Amino acid sequence: MNVLITGINGFVGSYLAEYLLAQGKAQIWGVTRAPGRLPPFLAGQVHEIHADLTDAAATLRAVEQAEPAVIYHLAGQPFVPESFRDPAATLQTNTLGALHIFLALIALRSSSRVLVVGTNEEYGLITQADLPLTEQTPLRPTNPYGVSKASQGLLAYQYHLSHSLDTIRLRPFTHIGPRQNERFVTAAFARQIARIERGLQPATLQVGNLSARRDFTDVRDVVRAYALAAENGEAGAVYNVASGQAVMIRALLDMLLEASGIEIEVCQNPELMRPIDIPLVVGDASRLHEATGWQPQIPLRQTLGDILDFWRAQVVASL
């Protein structure tokens with residue numbers, strides 16, 4: 001069976017490729033925008049295709065070449081602050097990429113199953129009465145990234161209804177782990193701590209809003225959820241991927257500081273604050289559990305320890 005992963009060079013895409021390779025059930029094809037972007041640990045194990053998914057013809061060629069039974073659509077602009085800085089590019093990248101995949105499948109008369117990965121940011125402005133968030137919660141996105149993902153999800157559902165495409169929508173809540181870009185919260189904390197430990201920066205850690213509470217899941221659990229949804233999910237359905245537990249960002253930072261064991265001053269930086277930030281987000285993944293049996297397995301403290309160890313190694317390698 002051929003599997004196509006768009007954004008295979010990204011944080012989640014590379015973990016998904018590793019997971020599927022370990023299962024040994026599929027030939028993995030991966031889309032990157034240009035040569036040289038495939039992570040070295042995947043070299044020689046996957047078939048790489050270079051394509052810009054905002055280009056309809058390039059997308060069609062990529063899908064035609066891979067002949068996938070399953071497509072995991074992960075490629076896109078994933079960073080909320082960047083979506084405020086450049087909303088047009090975020091909307092173009094995230095919405096057109098998905099649309100061009102659907103059009104390619106129609107043109108090729110393909111029966112591929114497509115997993116379209118959205119985000120809990122689609123839910124956006126929520127109230128206490130909405131919690132925990134289910135798939136029936138109204139979508140009220142509060143940033144352009146959330147709008148772009150809601151749009152691609154609606155397109156996935158529309159093409160399921162209008163052209164019988166085998167689409168499944170996933171709404172993962174916050175997922176973290178080693179190799180995540182330092183622009184994201186736990187990676188930003190861990191990188192600074194690792195640098196402070198080596199004396200590469202003053203013992204002051206720059207942070208944004210620490211009072212927000214979020215639903216965190218290890219990326220290695222998340223990709224397992226994606227694979228299970230591909231195997232057992234219902235065409236046209238949407239599934240939350242969430243732990244069901246809300247943790248304050250301050251608590252994550254405290255666990256990382258405890259793992260370090262050195263004295264570090266915490267300094268709030270206004271530039272790291274979002275224009276609008278929802279105080280509490282927690283999801284309900286019972287629909288996914290009922291369909292696939294999935295539930296998170298990796299404890300949060302283990303995830304944070306792995307993230308810190310990753311950034312320690314990165315800092316040493318940069319010396």
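**Exercise 1. Identify the salt-bridge partner of E182 and classify the exposure of both residues.**

Solution. E182 pairs with R191 in a salt bridge, with the closest N and O atoms 3.5 Å apart. The criterion is a side-chain nitrogen of Lys or Arg within 4 Å of a carboxyl oxygen of Asp or Glu. The model is predicted: local features need pLDDT of at least 70, side-chain atom pairs count only at pLDDT 80 or more, and totals for chains, interfaces and linings use all residues. Residues are numbered from 1 along each chain as its sequence is written, and side-chain values use heavy atoms, with hydrogens and water left out. For exposure, buried means under 20% relative accessible area, exposed means over 50%, and partly exposed lies in between (1.4 Å probe, protein chains only). E182 is partly exposed because its relative accessible area is 38%. R191, at 26%, is therefore also partly exposed.

**Exercise 2. Determine where the salt-bridge partners E135 and R287 lie along the chain.**

Solution. Begin with the contact: the closest N and O atoms of E135 and R287 are 3.9 Å apart. This pair links distant parts of the chain, 152 residues apart, with E135 in the loop between strand 5 and helix 5 and R287 in helix 9 (residues 286-292). Helices (H or I, at least four residues) and strands (E, at least two) are DSSP runs numbered from the N terminus. Next, E135 has a relative accessible area of 11%, so it is buried. R287 has 28% and is therefore partly exposed.

**Exercise 3. State the sequence separation of R250 and D254 and relate it to the helix that holds them.**

Solution. The closest N and O atoms of this salt bridge are 3.0 Å apart. Because R250 and D254 are 4 residues apart in helix 8 (residues 249-260), about one helical turn separates them. D254 counts as partly exposed because its relative accessibility is 35%. Elsewhere, E197, D309 and R312 are joined into one network by salt bridges that share partners. The count of salt bridges comes to 16.

**Exercise 4. Classify the ring geometry of the aromatic pairs F11–Y15 and Y123–F173.**

Solution. Rings of Phe, Tyr and Trp (its six-membered ring) pair if their centres lie within 6.5 Å; planes under 30 degrees apart are stacked, over 60 edge-to-face, and the rest tilted. The count comes to 5 aromatic pairs. F11 and Y15 are edge-to-face, at 5.8 Å centre to centre and 85° between the planes. Both lie in helix 1 (residues 11-23), 4 residues apart, about one turn of the helix. Y15 is buried, because its relative accessibility is 8%. For Y123 and F173 the centres are 6.2 Å apart and the planes make 35°, a tilted pair. Y123 lies in the loop between strand 5 (113-117) and helix 5 (144-163), whereas F173 lies in the loop between strand 6 and strand 7 (175-176), 50 residues away. Y123 is buried because its relative accessibility is 0%.

**Exercise 5. Describe the burial and pairing of strand 11.**

Solution. In strand 11 (residues 238-241), V238 and N240 on one side and Y239 and V241 on the other are all buried, and both faces are thus covered. Strand 6 (residues 166-172) pairs with strand 11 in the parallel sense over 4 bridges; pairing requires at least two DSSP bridges between two strands. Within strand 11, Y239 is the bridge partner of L170.
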